[in-house]
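Student: I'd like to learn how to read a fold with you. Could we go through one together?
Tutor: Gladly; here it is.

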Amino acid sequence: MTLLDAIVQRHSVRRYTTQPIDSHLVEQLQSLIGECNAQGGLRIQLVTEEPRAFGSWLVHYGAFSGVRNYVALVGAKAEDLDERIGYYGERIVLEAQRMGLNTCWVALTYKKVPGTITIGPDERLRCVISIGYGVDNGHGHKIKTIDRVSRCQGEMPQWFRQGVEAALLAPTAINQQKFRFTLHEGDVVEATHGFGPYAAIDLGIVKYHFELGASPHPFTWK
Ligand SMILES: Cc1cc2nc3c(=O)[nH]c(=O)nc-3n(C[C@H](O)[C@H](O)[C@H](O)COP(=O)(O)O)c2cc1C
């Protein structure tokens, strides 16, 4: 499965079987997380076979069940922390999809279980991603039109359109899709986000999707 296939096939999955993640996949995830942490200056951590974070009444409210594995998205406080969390978190989500696993970004309906995640005094846990074998593969979300989330002068180049299409398939908090891509002269792309507590995380997520969709056309971020 290519990363573009993973973009199309991924949907948020909130109900999981109790099957533990295969040990060779756990190793692959750990090595990917190590890479993301090195490149993104983050401290993302994989927690396996830990059912308590998703074991409270909150979880039933949020429709999650069977969650025993999750990726904790932790990093040192910084202005661009959320965007990096989104970008590298989504890299993990799409690789997990290629491994035959299902995922869901989770901002609210989990609790921190003492002794499971390391969070330094200057660090923040911004979100988790539930991960495992889904009861099903989820279903597609309602998406905005390309015109509503992008701007360009004249005819839209194919690579830019494909980038925006990939971004529209990305997960965003409450499926708000409050982002915009603008094409400037010289193949410079500006990505901006609206308001909301998770809008900058969403932006990191959709920028990663855009890069995959627009590839191999070279462009630069503004
Ligand atoms: C930053 C972020 C936080 C999210 N938080 C939650 C959450 O707390 N609970 C939940 O059920 N879904 C959560 N989601 C999943 C979104 O609701 C989901 O991505 C969106 O509805 C689009 O559906 P899809 O992922 O199936 O394409 C979150 C998604 C993102 C990107």
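Student: Along E7, which side chains point to one face and are buried, and which point to the other and are not?

Tutor: First, the background: this is a predicted model, in which local features need pLDDT of at least 70 and side-chain atom pairs count only at pLDDT 80 or more, while totals for chains, interfaces and linings use all residues. Residues are numbered from 1 along each chain as its sequence is written. Now the general idea: in a regular strand the side chains alternate between the two faces of the sheet. In E7, Val189, Ala191 and His193 point to one face and are buried, whereas Val188, Glu190 and Thr192 point to the other and are not. Buried means that 20 or more other C-beta atoms, placed from the backbone, lie within 10 Å of the residue's own (exposed: 12 or fewer; partly exposed: in between). Strands (E, at least two residues) and helices (H or I, at least four) are DSSP runs numbered from the N terminus.

Student: In what order do the strands form the sheet?

Tutor: Strands pair if DSSP finds at least two bridges between them. Here four strands form an open sheet, ordered E5-E6-E7-E8, with mixed pairing. E5 (150-151) and E8 (220-221) are at the edges with a single partner strand each, so one side of each has no neighbour in the sheet.

Student: And how does E7 pair with E8 and with E6?

Tutor: E7 (residues 188-193) runs parallel to E8, joined by two bridges; Val189 is opposite Trp221 of E8. With E6, the pairing is antiparallel over six bridges, and His184 has Val188 in E7 as its bridge partner. In the hairpin of E6 and E7, three residues lie between the strands, and Gly186 takes a positive phi near 80 degrees.

Student: Which strands does helix H6 touch?

Tutor: Contact means C-beta atoms, placed from the backbone, within 7 Å. H6 (residues 158-168) packs on the sheet against E5 and E6 (179-184), and its direction makes about 170 degrees with that of E6. Such angles run from 0 to 180 degrees between N-to-C directions, with axes fitted to C-alpha atoms, for helices over the stretch in contact. H7 packs on the sheet too, touching E6 and E7, at about 150 degrees to the direction of E7. The buried residues of H6 are Phe160, Gly163, Val164, Ala166, Ala167 and Leu168; their cover includes H1 (3-9), H5 (146-149), E5, E6 and H7.

Student: Where does the ligand lie with respect to the domains?

Tutor: Domain bounds come from an automatic or database domain assignment. The chain is divided into domain 1 (3-132) and domain 2 (146-221), and 23 Å separate their centres, taken over C-alpha atoms. Their contact takes 17 residues from domain 1 and 16 residues from domain 2. Both domains give residues to the shell around the ligand, so the ligand lies between them.

Student: How many residues surround the ligand, and which are the closest?

Tutor: A residue is near a molecule if its C-beta atom, placed from the backbone, lies within 6 Å of it. Here 22 residues surround the ligand, the closest being Ser12, Trp105, Ala107, Pro171 and Asn175. The elements giving two or more residues to this shell are E3 (102-106) and H7 (199-214).

Terms used. Two residues are in contact if their C-beta atoms, placed from the backbone, lie within 7 Å.
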